[in-house]
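The following paragraphs lead the reader through selected contacts of one protein chain. Please keep the sequence and the coordinates at hand.

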Amino acid sequence: MNKTAVSHLNKLIQLDTDAVLAYQQAIDACEVSEVRRKLKSFQDDHQQHINDLAELVRASGEEPKIKRDLKGFLIEGFTALASRGDRSALLSMLGNEELSNRLYEAALKTELPGEARTVVERNREDEERHLSWIQEAIAARIWETKEGAAAVAEEGQGKKDKGAA
């Protein structure tokens, strides 16, 4: 695999590393169990992307760049600041998934060898699924559903009980 292809894979590794950290901020901010479960599943997908892409980079004789850069700190920080409950966490992750989709799409427009292209295409499909679910959850105002309202009420009751103790 040539250096340009490795560079593209390393950019995707950084993107997915940033996503794993941003998802943790969003998960921590969520009150609705269905949203938390789904976001955790998406976080796990991003971790798998890191593993699969890193394996390809290592197979080419290079070392994968699994670290945050300044952009990663900013994305995680923004997500932490913006994530105050399910609605804002989903809105934050919407922006992050739009970015992920754009960068995976751009990577697919480059020359990638067969196996790398297959992995990037599979990861791109995950990104499309993440974005679609988040868009649908926001449109459905999932935090206002019966299950969502019950989770918020339980959380509020738990906080009251802790305050009374």
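Are Tyr23 and Phe42 buried or exposed? Both residues are buried in this model, which is a predicted one. For Phe42, the relative accessible area is 0%; since buried means under 20%, Phe42 is assigned to that class.

These two residues also introduce the aromatic contacts, for the structure holds two aromatic pairs. In one of them, the ring centres of Tyr23 and Phe42 are separated by 6.3 Å and the ring planes meet at 75°. Planes over 60 degrees apart count as edge-to-face, and therefore the pair of Tyr23 and Phe42 is described as edge-to-face. Tyr23 belongs to helix 1, whereas Phe42 belongs to helix 2, which spans residues 33-59. Because the two rings sit in these two helices, their pairing ties together parts that are 19 residues apart in sequence.

Phe42 takes part in a further aromatic pair, with Trp133 as the partner. Here the distance from centre to centre is 5.9 Å, the angle between the planes is 75°, and the arrangement is again edge-to-face. This pair links distant parts of the chain, since Phe42 lies in helix 2 and Trp133 in helix 5 (residues 114-139), 91 residues apart. Trp133 has a relative accessible area of 14% and is therefore buried. Taken together, the ring pairs join Tyr23, Phe42 and Trp133 into a cluster.

Helix 1 contains another buried residue to consider. Gln14 is located in helix 1, and its relative accessible area of 16% is the reason why Gln14 is classed as buried. Gln14 also has a spatial relation to a remote position: Lys67 is 53 residues away in sequence, yet the C-alpha atoms of Gln14 and Lys67 are 6.3 Å apart in space.

The account closes at the beginning of the chain. Where is Asn2 placed with respect to helix 1? Asn2 occupies the segment before helix 1, a helix that runs over residues 3-29. Its side chain reaches into what follows, with a distance of 2.7 Å to the backbone nitrogen of Ala5. Because the relative accessible area of Asn2 is 46%, Asn2 is partly exposed, whereas Gln14 is buried. For Asn2 there is likewise a separation in sequence to set beside a distance in space: Glu111 is 109 residues apart from Asn2 along the chain, and the C-alpha to C-alpha distance between them is 9.5 Å.

Note on methods
Residues numbered from 1 in each chain as written. Predicted model: local features only at pLDDT ≥ 70, side-chain atom pairs only at ≥ 80, totals over all residues. Heavy atoms only, no water. Helix = DSSP H or I, 4+ residues; strand = E, 2+ residues; numbered from the N terminus. Buried < 20%, exposed > 50% of the residue type's maximum accessible area, 1.4 Å probe, protein only. Polar contact = N/O pair within 3.5 Å; in protein donor to acceptor, adjacent residues only side chain to side chain. Phe/Tyr/Trp six-rings, centres within 6.5 Å; stacked < 30°, edge-to-face > 60°.
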